[in-house]
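The following paragraphs go through a predicted model. They begin with the fold of one chain and end with the contact between chains.

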Number of protein chains: 2
Amino acid sequence: MHKPMSQPSPCPTIIEINEVAPRDGLQIEARFVPTEEKIRWIDALSSTGLRRIEATSFTSPKAIPNLRDAADVVTGIQRRKGVDITVLVPNVKGTERALACQVDEINLVMSASNSHGLANLRMTPEQSLEQFAVILDVSKDSGVFINASLSTAFGCPFEGDVPEARVLELVEKLIGLGIQGVTLCDTTGMANPAQVKSLCEAVLERWPDTPFTLHFHNTRGMGLANALAAWQAGIIRFDASLGGLGGCPFAPGQRAMCTEDLVHMFEAMGVDTGVDLDALLEVAATLPDLIGHDVPGQVVKAGKSTRRYAMPVRES
Amino acid sequence: MHKPMSQPSPCPTIIEINEVAPRDGLQIEARFVPTEEKIRWIDALSSTGLRRIEATSFTSPKAIPNLRDAADVVTGIQRRKGVDITVLVPNVKGTERALACQVDEINLVMSASNSHGLANLRMTPEQSLEQFAVILDVSKDSGVFINASLSTAFGCPFEGDVPEARVLELVEKLIGLGIQGVTLCDTTGMANPAQVKSLCEAVLERWPDTPFTLHFHNTRGMGLANALAAWQAGIIRFDASLGGLGGCPFAPGQRAMCTEDLVHMFEAMGVDTGVDLDALLEVAATLPDLIGHDVPGQVVKAGKSTRRYAMPVRES
């Protein structure tokens with residue numbers, strides 16, 4: 001991962017953030033956030049320069065009661081130029097509901113490991129791929145961008161290792177089906193920077209024209225280190241969740257990748273995220289009130305690294 | 001920071017950890033940890049494969065009452081082959097006390113910025129350097145390794161930016177005086193990976209024979225990302241604090257770099273830290289009882305990334 005000093009750096013000068021807290025964060029919250037509050041919050045987020053917002057999930061209200069207002073949210077939010085609204089859909093019915101709401105992008109989800117697929121979606125990877133083919137057929141005239149998120153791409157909390165060759169095989173099948181973008185997900189925070197470097201280099205080399213997004217968690221403190229490794233490999237698209245809200249229902253102690261901490265690091269490094277960090281931090285500061293509890297995001301508490309303190313008054 | 005795939009990686013295959021919690025962590029704790037408990041704890045730490053332990057500080061008991069038992073701690077702990085015992089000393093008197101206890105290494109401390117030096121040590125950098133010359137003279141026949149920690153090397157919480165040229169100027173003066181090792185400290189968690197890469201490459205290029213140690217904090221979530229960037233530049237020595245215990249009295253909301261999280265990341269990447277991670281995690285798990293409160297370390301709570309969960313039982 002080391003670049004000799006004499007070489008020009010191929011590290012990207014810009015990155016793009018896909019804010020997933022309204023979907024990935026809210027879905028496992030104890031309390032239902034009222035629709036009007038969700039809309040105000042997403043509108044505030046979409047004014048900060050984020051490139052994409054995963055606004056909700058068109059899933060069964062029984063499965064995820066917190067997101068039962070998906071259509072009302074998507075039709076209620078302001079649509080801004082330059083901010084794509086993406087939604088997660090679990091099946092054909094969800095796809096039809098999402099398309100009716102004029103979303104910019106649909107995000108499908110499958111697991112790279114059998115047991116996580118069965119636990120989370122009741123489908124093996126192969127069953128998910130079969131379903132994706134139907135969804136692609138249903139959506140083919142819509143002009144909507146179809147992305148697929150590949151869970152457990154860096155390891156499965158039930159099975160352990162997921163071989164890189166298996167991940168590449170599934171990415172190849174996704175792209176072969178007609179999926180336009182792929183998100184590689186470290187679903188429970190198992191990835192390490194060496195593994196990230198290897199997989200990111202492999203996919204960028206094999207599919208240089210496919211937009212890949214990386215979705216990290218910060219469960220074991222490696223979230224920003226993994227994002228750094230992905231960026232060094234040439235990745236420019238990242239999922240992140242405001243405040244670090246979210247996790248995985250099957251693996252307690254999870255922490256999502258915090259959007260404002262990610263933006264703060266890359267901006268400090270001189271990488272253009274497109275985001276107004278101060279505006280984002282203002283929205284992040286409202287999050288504990290919105291959801292009724294503290295969140296793990298650190299920059300909101302510590303202040304930006306440019307923060308200055310007053311000199312202490314010494315006693316003598 | 002990107003390494004083209006065809007190049008051999010110059011990233012180090014081993015790293016060494018200097019455990020600083022007994023000094024840097026305990027010094028600002030509210031309660032005094034009894035001497036026997038400190039000794040048991042340090043003995044447990046020194047059996048895990050850590051390369052160095054900063055066991056205490058030979059400072060004024062009035063300034064840091066928690067470490068008033070410095071001599072009893074250093075003479076009470078087991079001395080193991082391969083584990084160097086280092087202590088912080090603030091002045092000539094502390095040096096004489098430390099030398100009387102047969103320490104392996106003395107760690108001096110100064111700031112790279114005037115205002116932090118005055119706030120923390122009541123000395124400008126130049127005054128610290130003058131004092132170091134006297135300390136080097138006092139210790140010159142002892143055979144003890146003399147290290148200097150340079151605080152605020154990546155920014156000052158009072159002044160803001162500390163130019164890299166100023167840091168290099170001070171490192172040059174330290175090495176010119178006869179200081180044998182230098183620790184570059186991100187005292188309040190202001191560093192970012194681009195800055196770390198730049199400074200680490202600069203010092204390793206100019207002084208390839210000087211052992212440099214990097215001391216990061218995790219205040220803004222960048223601790224492991226900064227350690228990764230330093231390692232990519234060729235750094236192999238890191239300070240870290242068990243549980244992430246510690247901070248800076250002048251900048252609230254601080255988090256130290258957590259030893260077990262650092263070891264976990266590098267071991268997951270295949271880098272040999274010399275540390276038995278399971279043994280270290282066992283000691284880390286005892287820390288909340290020792291100090292009477294929770295600590296920010298994440299791997300103790302989440303488990304290692306190889307942890308496996310039982311498949312959930314679905315209701316239908």
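In this predicted model, chain B holds a closed barrel of 8 strands, in the order 1-2-3-4-5-6-7-8, with parallel pairing. From one strand to the next the twist averages 25 degrees. One of the pairs joins strand 6 (residues 181-185) of chain B to strand 7 (residues 212-215) of chain B, parallel and over 4 bridges. Within strand 7 of chain B, Leu214(B) is the bridge partner of Leu184(B).

Helices pack against these strands. Helix 5 of chain B touches strand 4 (105-111) and strand 5 (145-151) of chain B, and its direction makes about 125 degrees with that of strand 4 of chain B. Helix 7 (residues 164-177) of chain B lies across strand 5 and strand 6 of chain B, and runs at about 165 degrees to strand 5 of chain B.

Leu150(B) touches Val167(B), Leu170(B) and Val171(B), among others. Its contacts also include Val182(B), Thr183(B), Leu184(B) and Cys185(B), as well as Met110(B) and Ala112(B). Leu150(A) and Leu150(B) have the most contacts inside the largest nonpolar core, a set of 186 residues. In soluble globular proteins, nonpolar side chains tend to be buried together.

Helix 10 of chain B is mostly covered, with 9 of its 10 residues buried. The buried residues include the charged pair Glu260(B) and Asp261(B), along with Leu262(B), Val263(B), Met265(B) and Phe266(B). What covers them? The cover includes helix 9 (223-233) of chain A, and from chain B strand 1 (16-19), helix 9, strand 8 (237-240), helix 11 (277-285) and helix 13. After helix 10 of chain B comes Gly270(B), with a positive phi near 85 degrees.

The two chains are related by symmetry. A turn of 180 degrees with a shift of 0.0 Å along the axis lays chain B on chain A with an RMSD of 0.0 Å. That is the relation of a two-fold axis. The same surface serves both copies, since 100% of the contact residues of chain B recur in chain A. Ala225(B) is the residue of chain B that comes closest to the rotation axis, its C-alpha lying at 1.9 Å.

Each side of the contact can be counted: 49 residues come from chain B and 49 residues from chain A. On the side of chain B, the elements giving two or more residues are helix 5 (114-121), helix 8 (193-206), helix 9 (223-233), helix 10 (259-268) and helix 13 (299-302). Helix 9 of chain B gives the most, with 6 residues. By class, this side has 27 nonpolar, 16 polar and 6 charged residues.

Notes: Residues are numbered from 1 along each chain as its sequence is written. Chains are lettered from A and ligands numbered from 1 in the order in which they are written. This is a predicted model: local features need pLDDT of at least 70, side-chain atom pairs count only at pLDDT 80 or more; totals for chains, interfaces and linings use all residues. Copies are superposed by least squares on the C-alpha atoms of residues with pLDDT of at least 70 in both. Two residues are in contact if their C-beta atoms, placed from the backbone, lie within 7 Å. A nonpolar core is a set of buried Ala, Val, Leu, Ile, Met, Phe, Trp, Tyr and Cys residues joined through C-beta atoms within 7 Å. A residue is buried if 20 or more other C-beta atoms lie within 10 Å of its own, exposed if 12 or fewer, and partly exposed in between; C-beta atoms are placed from the backbone. Two strands pair if DSSP finds at least two bridges between them. Axes are lines fitted to C-alpha atoms, for helices over the stretch in contact, and angles run from 0 to 180 degrees between N-to-C directions. Lists of a residue's contacts leave out its neighbours within four places in sequence.
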